[in-house]
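The following exercises are to be worked with the sequence and the coordinates at hand. Each task is followed by a solution in steps.

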Amino acid sequence: MGIRFVLMVNKQGQTRLAQYYEYLTLEERRALEGEIVRKCLARNEQQCSFVEHRNYKIVYRRYASLFFLVGVDDDENELAILEFIHLLVETMDRHFGNVCELDIMFHLEKAHFMLEEMVMNGCVVETNKSNILTPIQLMDKTS
């Protein structure tokens, strides 16, 4: 499968966006998010951006006040996932203009839509920013 989940978390550890590509109960999600967020936020900038947790490999990166965390299978390429995170941030930057936590909070449906355009069933299917943003821009025009 590849990608198991994508989380966007602020510096206080509050989840701002969560997208799962495998079934977990609400309690399992809450516990998993809490453990992963505590583990990643406790690390300093000199440590690498890869953490192993349970049966996942967590690849994370901090942009301004947001942490982008992606849980993947053990055999997934960490550098490719870092590139995916960077692409996601660049795409959001292009749409929102320097994306921040408030953009995610007030336009959560657009953030989910961008993620859904990029990832399907845990596999990255689109990497072209224009192709990702075109449906969102069309929706903006009609509303």
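**Exercise 1: The first hairpin**

Strand β1 (residues 3-10) and strand β2 (residues 15-20) run antiparallel and are joined by five bridges. The model is predicted, so local features need pLDDT of at least 70 and side-chain atom pairs count only at pLDDT 80 or more, while totals for chains, interfaces and linings use all residues. Residues are numbered from 1 along each chain as its sequence is written, and side-chain values use heavy atoms, with hydrogens and water left out.

Task: State which residue of β2 is the bridge partner of Leu 7, and which residue between the strands takes a positive phi.

Solution. Step 1: Two strands pair if DSSP finds at least two bridges between them; strands are DSSP runs of E with at least two residues, helices are runs of H or I with at least four, and both are numbered from the N terminus. Step 2: Ala 18 in β2 is the bridge partner of Leu 7. Step 3: Four residues lie between the strands of this hairpin, and Gly 13 has a positive phi near 90 degrees.

**Exercise 2: Strand β3 and His 53**

Task: Determine which side chains of β3 are buried, and describe the surroundings of His 53.

Solution. Step 1: In a regular strand, side chains alternate between the two faces of the sheet. Step 2: β3 shows this alternation, with Val 51 and His 53 pointing to one face and buried, whereas Phe 50 and Glu 52 point to the other and are not buried. Step 3: Buried means under 20% relative accessible area, exposed over 50%, and partly exposed in between (1.4 Å probe, protein chains only); His 53 counts as buried because its relative accessibility is 9%. Step 4: The side chains of His 53 and Glu 35 are joined by a polar contact of 2.8 Å. Such a contact is a pair of N or O atoms within 3.5 Å; within protein, one must be able to donate a hydrogen and the other to accept it, and residues adjacent in sequence count only if both atoms are side-chain atoms. Step 5: Leaving aside residues up to four places away in sequence, His 53 touches Leu 32, Glu 35, Ile 36, Lys 39 and Ile 58, where contact means heavy atoms within 4.5 Å. Step 6: Tyr 56 in β4 stands opposite His 53. β3 and β4 pair in the antiparallel sense over four bridges, and Arg 54, in the turn of their two-residue hairpin, has a positive phi of about 50 degrees.

**Exercise 3: Helix α1**

Task: Compare the span of helix α1 with its expected span, and find the strands against which its buried residues pack.

Solution. Step 1: The expected span of a helix is 1.5 Å times one less than its number of residues. Step 2: For the 16 residues of α1 (residues 26-41) this gives 22 Å, and the end C-alpha atoms are 22 Å apart, which agrees. Step 3: Leu 32, Glu 33, Gly 34, Ile 36, Val 37 and Cys 40 are the buried residues of α1. Step 4: These buried residues pack against β1, β2, β3, β4 and β5.

**Exercise 4: Leu 108**

Task: Classify Leu 108 by accessibility and list its contacts.

Solution. Step 1: Leu 108 is found in helix α4 and counts as partly exposed because its relative accessibility is 33%. Step 2: Leu 108 and Leu 17 are 91 residues apart in sequence, yet 7.3 Å apart in space, C-alpha to C-alpha. Step 3: Not counting residues up to four places away in sequence, Leu 108 touches Arg 16, Leu 17 and Asp 103.
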